[in-house]
Amino acid sequence: MAGAGADGAERLRRWRMVLGGGDGEGTGVALSGADAGMDAALGALYGADGEGGRKRAGERSAGLGGSAPHVARWLGDIRTYFPTSVVQVMQRDAIQRLGLSALLLEPEMLEAVEPDVHLVGTLLSLNKAMPETTRETARAVVRKVVEQVEKRLASRTRATLTGALDRSARTSRPRHADIDWDRTIRANLKNYLPEYRTVVPERLVGYGRASRAVKKEVVLCIDQSGSMAASVVYASVFGAVLASMRSIATRLVVFDTAVVDLTDQLDDPVDVLFGTQLGGGTDINRALAYCQSKITRPADTVVVLISDLYEGGIRDEMLKRVAAMKAAGVEFVALLALSDEGAPAYDRDHAAALAALGAPAFACTPDLFPEVMAAALEKRPLPVP
């Protein structure tokens, strides 16, 4: 392993950082300064030989102690040594591996953490157990994350959906600037004159002019079981963005085994999030029954079900409701997840059954969601990844 000169010493230092010390690592390198601090921070979280495993002499040992001061100090250390993206991963691992959820109920802890979507999900799962002394601090953390997400996604969502709404409103007497040439040519192909190699536009098809009237209705139906935490955060932000658009009437419904309509709180996604209760069972059929009862203009309505499809209710009734909504003209979108986390776990039988009804179920990143909604509003094929 050893090499000559500075390169060899650097190689040994890196191996020591990777292997974590102990009798068997073999580098013989002693760490100091920032390296020692970084190694200690990693050892506190990842040093045990598996969960609850026994550590050997000289080996990194997992454990932050059971007190907020120890954890707060560790949170400060990892923010010193690692970039924000790594800090967020380590925080998530600390909560899962070392059972630190209860400490997040203390205000000084919340002030020390690096806010991200996963932390918001954890806070929402602890919402009912949260003491009043912590609630305002927790809301501040959640609001910071919501503002970051909104800043990233809101402008593009409004621009994409406004364009889709304008394109979906067709007129047969358009102004020159509003002519949809692609659709006009296709509508007049029968008037093609070979000798002139041209199409006579007997009928013009144009984009409708922007209007303040409500053109479409969108129903976001969100599974609030514990595995859907990140999706709930993103969906709440998107719900607030959609609700801010005058031409879209937006309804937001969350469910587990009960159904809660949070539409009246859409002006503030933080209120929406604190109105959810992550965890519990799942009754998709009951949630879709409620959403179906609120549809007044099926041909102008998009229903977005965000769920991993693990149904605890009546499966056949759920599928019948989806089929009935589609038959009435509703655009139905099934998202297995709305997050950046990659492929989720989901019920493949239910996903296949929805696909057979013409409603393919797929995971969607927040960046792709505006394109998915634009396609649904225009009644064209969804951009399934």
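Start with the whole chain in view: of the contacts in the protein with a separation of 6 or more, 71% are between residues 24 or more positions apart. Keep in mind that this is a predicted model.

Still zoomed out, colour by secondary structure and you'll have 14 helices and 10 strands to look at. Switch to burial and 45% of the 385 residues come up as buried. Now turn on the surface: the accessible area is about 18,600 Å², with 51% of that belonging to carbon and sulfur atoms.

**Stop one: helix α1**

Select residues 5-19, which form helix α1, and pick out tryptophan 15 within that helix. Is tryptophan 15 buried, partly exposed or exposed? Its relative accessibility is 39%, so tryptophan 15 counts as partly exposed, since that category sits between the under 20% of buried and the over 50% of exposed. Add Val18 and Leu19 to the selection: together with Trp15 they make a nonpolar surface patch of about 300 Å².

**Stop two: helix α9**

Next, jump to residues 229-243, helix α9, and show serine 236 as sticks. This one is a different view, as serine 236 has a relative accessible area of 1% and is therefore buried. Where does the side chain of serine 236 find a polar partner? Look at the backbone oxygen of valine 232, which lies 2.8 Å from a polar atom of that side chain.

To finish, which residues touch serine 236 once you leave aside its neighbours within four places in sequence? Select Leu252, Pro269, Val272 and Leu273, and you have the residues in contact with serine 236 on that basis.

Conventions: Residues are numbered from 1 along each chain as its sequence is written. This is a predicted model: local features need pLDDT of at least 70, side-chain atom pairs count only at pLDDT 80 or more; totals for chains, interfaces and linings use all residues. Side-chain values use heavy atoms; hydrogens and water are left out. Patches are made of residues with over 30% relative accessible area and no salt bridge: like charges are joined within 9 Å, nonpolar side chains (Val, Leu, Ile, Met, Phe, Trp, Tyr) within 5 Å. Accessible areas come from the Shrake-Rupley method with a 1.4 Å probe; for residues, only the protein chains shown count as cover. A salt bridge is a side-chain nitrogen of Lys or Arg within 4 Å of a carboxyl oxygen of Asp or Glu. Helices (H or I, at least four residues) and strands (E, at least two) are DSSP runs, numbered from the N terminus. Buried means under 20% relative accessible area, exposed over 50%, partly exposed in between (1.4 Å probe, protein chains only). A polar contact is a pair of N or O atoms within 3.5 Å; within protein, one must be able to donate a hydrogen and the other to accept it, and residues adjacent in sequence count only if both atoms are side-chain atoms. Contact means heavy atoms within 4.5 Å.
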